[in-house]
Amino acid sequence: MKLRRPQTRQMPETIIALIDVVFFLLVFFMLIGRMDATAPFEVRPATALTGADMPAGGTTLSIGASGALALDGIAIAKADLIPALTARIAETPDVLIRINAHRDAQLHRILPLIAEIEHVGALDVVLVVTPERS
């Protein structure tokens, strides 16, 4: 009796190595690529000045964590705020307006107020910040 050896099958080409290479390339390009949209013009972000003294004078608008407002230390309703600021800007057109907001105040309460203050003619609006302690 003659025994035949089983035919050796050709091993199919594995694509596992190729998949690994493609995966590593994908991860590489995701890590080095920019994921944000870039503007078609130059944008230089504002620079914060920490440790510098605030200029003297001006008006201070305080915003509490709950959204309560105070103008120069006196509580004021939101409806009365813009007319009061308009009167101060009419008296002194170059008045500095400081916004001293509580750190837990929600941004959607602060930004519309800044827009309204600038709309009535304020030239200098400053947001007071406290540097993080290391």
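Let me start with the sheet, which in this predicted model is an open one built from 5 strands in the order 3-2-1-4-5, with mixed pairing. At the edges stand strand 3, residues 74–76, and strand 5, and because each of them has a single partner strand, one side of each is left without a neighbour in the sheet. From one strand to the next, the twist averages 25 degrees.

As a reminder before I turn to the individual pairs, strands of a sheet pair through backbone hydrogen bonds, either parallel or antiparallel.

Strand 1, residues 59–63, and strand 4 run parallel and are joined by 5 bridges, and if you look for Thr59 in the model, you will find that its bridge partner in strand 4 is Ile97. Ile97 also leads us on to strand 5, where its bridge partner is Val125; here strand 4, residues 96–101, and strand 5, residues 124–127, again run parallel, with 4 bridges between them.

How, then, is the chain arranged around strand 4 and strand 5? Together with helix 3, which spans residues 107–119, these two strands make a β-α-β unit, and that unit is right-handed.

Now to the helices that lie against the sheet. Helix 2, residues 78–91, lies across strand 1, strand 2 (residues 69–71), strand 3 and strand 4, and runs at about 20 degrees to strand 2. Helix 3, for its part, packs on the sheet by touching strand 1, strand 2, strand 4 and strand 5, and its direction makes about 170 degrees with that of strand 4.

Methods. Residues numbered from 1 in each chain as written. Predicted model: local features only at pLDDT ≥ 70, side-chain atom pairs only at ≥ 80, totals over all residues. Heavy atoms only, no water. Pairing = 2+ DSSP bridges. Right-handed = clockwise from strand over helix to strand, strands pointing away. Axes fitted to C-alpha atoms, helices over the stretch in contact; angles between N-to-C directions. Contact = heavy atoms within 4.5 Å.
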